[in-house]
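Reader: I would like to go through the labels used for this model. Please give the reasoning behind each one.

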Amino acid sequence: MRFTVLTLFPKQIEDILGHSIIARAMSRGLIEVERVDIRDYSVNKHRKVDDTLYGGGTGMLMQAQPVYDAWKSVVGDDKRPHTVYLSPQGKVFNQDIAHELSKLKHVVFLCGHYEGVDQRAIDLIVDEEISIGDYVLTGGELAACVIIDAVSRLIPNVLPDASAFENESHMGGLLEAPQYTKPEEFMGREVPRVLMEGHHLKIEQWRHSEALYNTLIKRPDMLDQLHLTVDEWLELFHRDRADESLKDE
Ligand code: ADE
């Protein structure tokens with residue numbers, strides 16, 4: 001899969017993505033992350049890419065021309081690549097959006113800076129606006145890297161073990177069950193018995209029940225999206241009551 005980042009800070013993208021699993025995926029040719037410096041497309045002798053706002057207002061805005069020309073340079077004669085503008089006004093990124101983007105061959109990210117980008121460039125090149133959360137960053141670069149990371153790990157063979165993302169938090173709308181590794185006992189705390197007994201069905205049931213409970217405790221809002229069975233609701237209800245009575249003791 002190919003990602004192109006249109007940015008004023010190409011080095012920032014390299015610094016963030018040049019490590020670990022993502023760097024290995026790049027060197028194995030599973031993903032390609034291309035960085036395009038918008039400043040290279042400035043027609044100003046000082047490589048200026050921003051200007052003041054028409055109609056007044058504080059701050060500077062990225063001009064349409066260098067942004068559009070930078071985008072044009074990657075599009076070539078190809079079919080228009082899916083183009084995402086990183087902005088706090090966009091729809092909030094989640095695992096479903098990561099899956100949708102992972103099906104595409106080429107995604108272009110436009111990273112804004114200062115007060116944003118001239119609306120005409122956005123209207124001409126952008127297919128969707130995405131935010132990584134309800135807060136404002138200094139630019140879109142960190143957001144682009146977050147999305148590239150989350151999407152890349154869904155590409156076949158990027159993760160060493162494909163099952164690693166089948167059971168994880170947010171798959172199927174539930175958080176994960178707690179996990180344990182050696183030793184069996186740490187600071188007086190033991191690994192839950194069921195995980196040591198090798199009964200696969202019981203382990204699956206335990207994990208599902210813990211995942212439900214974990215979601216209830218940490219992200220109750222996520223339960224609204226799930227269609228739990230009556231048994232699952234009852235299980236949660238009893239588990240919650242049992243926990244409350246332990247607290248009362
Ligand atoms: N640029 C500034 N803030 C942002 C956010 N929350 N998400 C994506 N891009 C941004």
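Author: Start with burial. Buried means under 20% relative accessible area, exposed over 50%, and partly exposed in between. One caution: this is a predicted model.

Reader: Why is Asp-37 called buried?

Author: Asp-37 has 16% relative accessibility. The cut-off for buried is under 20%. Asp-37 therefore counts as buried.

Reader: What makes Arg-47 partly exposed?

Author: Its relative accessibility is 36%. Partly exposed lies between the 20% and 50% limits, so Arg-47 gets that label.

Reader: Why is the contact between Asp-37 and Arg-47 called a salt bridge?

Author: A salt bridge needs a side-chain nitrogen of Lys or Arg within 4 Å of a carboxyl oxygen of Asp or Glu. The side chains of Asp-37 and Arg-47 meet at 3.9 Å, N to O. The pair therefore qualifies. Asp-37 is in strand S2, residues 32-37, and Arg-47 is in the loop between S2 and strand S3, ten residues apart.

Reader: How many salt bridges does the structure hold?

Author: It holds 13.

Reader: What makes Lys-91 and Glu-128 a salt bridge?

Author: Their side chains come to 2.8 Å, N to O. The limit is within 4 Å, so the pair counts. Lys-91 lies in strand S5, residues 82-92, and Glu-128 in strand S7, residues 128-131, so the bridge ties together parts that are 37 residues apart in sequence.

Reader: Is Glu-128 buried or exposed?

Author: Glu-128 has a relative accessible area of 14%. That meets the under 20% rule, so Glu-128 is buried. Lys-91 has 45%. That value falls between the two limits, so Lys-91 is partly exposed.

Reader: How do you know that Glu-210 forms a salt bridge with Arg-239?

Author: The closest N and O atoms are 2.9 Å apart. Within 4 Å is what the term asks, so the label holds. The pair links distant parts of the chain: Glu-210 is in helix H7, residues 200-218, and Arg-239 is in helix H9, residues 230-248.

Reader: Why is Glu-210 called buried, and why is Arg-239 called partly exposed?

Author: Glu-210 has a relative accessible area of 13%, so the under 20% rule makes it buried. Arg-239 has 27% relative accessibility. Arg-239 is therefore in the range between the limits and counts as partly exposed.

Reader: Which residue would count as exposed?

Author: Lys-11 is one, at 52% relative accessibility. The cut-off is over 50%, so Lys-11 counts as exposed. Lys-11 lies in helix H1, residues 10-17.

Reader: Now the ligand. What makes the pair formed by a ligand nitrogen and the backbone of Tyr-135 a polar contact?

Author: A nitrogen atom of the ligand is 2.8 Å from a polar backbone atom of Tyr-135. A polar contact is a pair of N or O atoms within 3.5 Å, so this one passes. A polar backbone atom of Ile-132 is 2.9 Å from a ligand nitrogen. For Gly-133 the value is 3.1 Å.

Reader: How much of the ligand's accessible area does the protein cover?

Author: The protein covers 96% of the 260 Å² that the ligand has on its own. The ligand sits in the largest pocket.

Reader: Which elements give two or more residues to the shell around the ligand?

Author: S5 and S7. The largest share, three residues, comes from S5.

Notes:
Residues numbered from 1 in each chain as written. Predicted model: local features only at pLDDT ≥ 70, side-chain atom pairs only at ≥ 80, totals over all residues. Heavy atoms only, no water. Helix = DSSP H or I, 4+ residues; strand = E, 2+ residues; numbered from the N terminus. Buried < 20%, exposed > 50% of the residue type's maximum accessible area, 1.4 Å probe, protein only. Polar contact = N/O pair within 3.5 Å; in protein donor to acceptor, adjacent residues only side chain to side chain. Areas by Shrake-Rupley, 256 points an atom, 1.4 Å probe, with all protein chains shown as cover. 1 Å grid on protein atoms, 1.4 Å probe; cavity = no way out; pocket = protein on both sides within 12 Å on 5 of 7 lines; lining within 4 Å. Sits in = over half its atoms within 2 Å of the grid points.
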